[in-house]
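Work through the exercises below with the model open beside you. Try each task before you read its solution.

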Amino acid sequence: MNAAEIKRLRTESALKEILPEAFASLDDTMLKGLCVTDVDCKKGRYDAFVYLDKMALDEREQEYVLTHLKKVSKILQNYCVCEFGWFRAPNFHFKFDDSLEHQNRMDELFSKVEKELKND
């Protein structure tokens, strides 16, 4: 692991910690309770992909959250800059995390295969 990769991992860890606090500081009640599941900073730390938990949000609410997060991304960047004393914060790209749904689907498929093998 080189120094640049260590800095990237530190940035990801710091953003996972501070972004929920930044969401809580916003006036929008829909954005206050968002949970960050993962942060993936690209090389150079200019862009950060922030993965959010769906928390039983329907499609309309998910669309609302993503559009409003896009609008307040500069506020979130300023919050991170002030909180950490960074020169600049990465550009945020928000997405909902589908990994849990994929994992559940894979578990269902494996259980079906296991039942079929037991029946044969």
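**Exercise 1: The sheet**

Strand β1 (residues 36-41) and strand β2 (residues 47-52) run antiparallel and are joined by 5 bridges. This is a predicted model.

Task: find the bridge partners of Val 36 and Val 39 in β2, then place the strands in their sheet.

Solution.
- Step 1. Start with Val 36. Its bridge partner in β2 is Leu 52.
- Step 2. Move on to Val 39. Val 50 is its bridge partner in β2.
- Step 3. Look at the connection. β1 and β2 form a hairpin, with 5 residues between them. In the turn, Gly 44 has a positive phi of about 90°.
- Step 4. Add β3 (91-96). The order is β1-β2-β3, in an open sheet of 3 strands with mixed pairing.
- Step 5. Name the edges. They are β1 and β3, since each pairs on one side only.
- Step 6. Check the twist. From one strand to the next, it averages 20°.
- Step 7. Find the helix on the sheet. α3 (59-71) lies across β2 and β3, and runs at about 175° to β3.

**Exercise 2: The faces of a helix**

Task: work out which residues of α4 are buried and why they line one face.

Solution.
- Step 1. Check the length. α4 (73-84) has 12 residues and reaches 16 Å from its first C-alpha to its last. That is close to the 16 Å expected at 1.5 Å a residue.
- Step 2. List the buried residues. They are Ser 73, Leu 76, Gln 77 and Cys 80.
- Step 3. Look down the axis of α4. The buried residues fall within an arc of 100°, so they line one face.
- Step 4. Recall the general rule. An α-helix has 3.6 residues a turn, so residues three or four places apart point the same way.
- Step 5. Turn to the other face. Lys 74 and Cys 82 are exposed there, away from the buried side.
- Step 6. Ask what the buried residues pack against. Their partners are α1 (3-24), α3 and β3.
- Step 7. Step past the end of α4. Just after the helix, Gly 85 takes a positive phi of about 75°.

**Exercise 3: Cysteines without a bond**

Task: explain why Cys 80 has no disulfide partner, and say how far Cys 35 is from the nearest cysteine sulfur.

Solution.
- Step 1. Count the disulfides. The structure holds 0.
- Step 2. Take Cys 35. The nearest cysteine sulfur is that of Cys 80, 16 Å away.
- Step 3. Take Cys 80. Its closest cysteine sulfur is in Cys 82, at 9.5 Å, so the pair is too far apart for a bond. The cut-off for a disulfide is within 2.5 Å.
- Step 4. Add the surroundings. Cys 35 is partly exposed, with a relative accessible area of 35%. Cys 80 counts as buried, at 0% relative accessibility.

**Exercise 4: A proline in a loop**

Task: is Pro 90 buried or exposed, and which residues does it contact?

Solution.
- Step 1. Locate Pro 90. It sits in the loop between α4 and β3.
- Step 2. Read its accessibility. At 3%, Pro 90 counts as buried.
- Step 3. Leave aside its neighbours within four places in sequence. Pro 90 is then in contact with Leu 15, Arg 45, Tyr 46, Asp 47, Ala 48 and Gln 77.
- Step 4. Compare a separation. Lys 118 is 28 residues from Pro 90 along the chain, and their C-alpha atoms are separated by 52 Å.

Methods
Residues numbered from 1 in each chain as written. Predicted model: local features only at pLDDT ≥ 70, side-chain atom pairs only at ≥ 80, totals over all residues. Heavy atoms only, no water. Buried < 20%, exposed > 50% of the residue type's maximum accessible area, 1.4 Å probe, protein only. Helix = DSSP H or I, 4+ residues; strand = E, 2+ residues; numbered from the N terminus. Contact = heavy atoms within 4.5 Å. Pairing = 2+ DSSP bridges. Expected span 1.5 Å × (residues − 1). Arc of directions from axis to C-beta. Axes fitted to C-alpha atoms, helices over the stretch in contact; angles between N-to-C directions.
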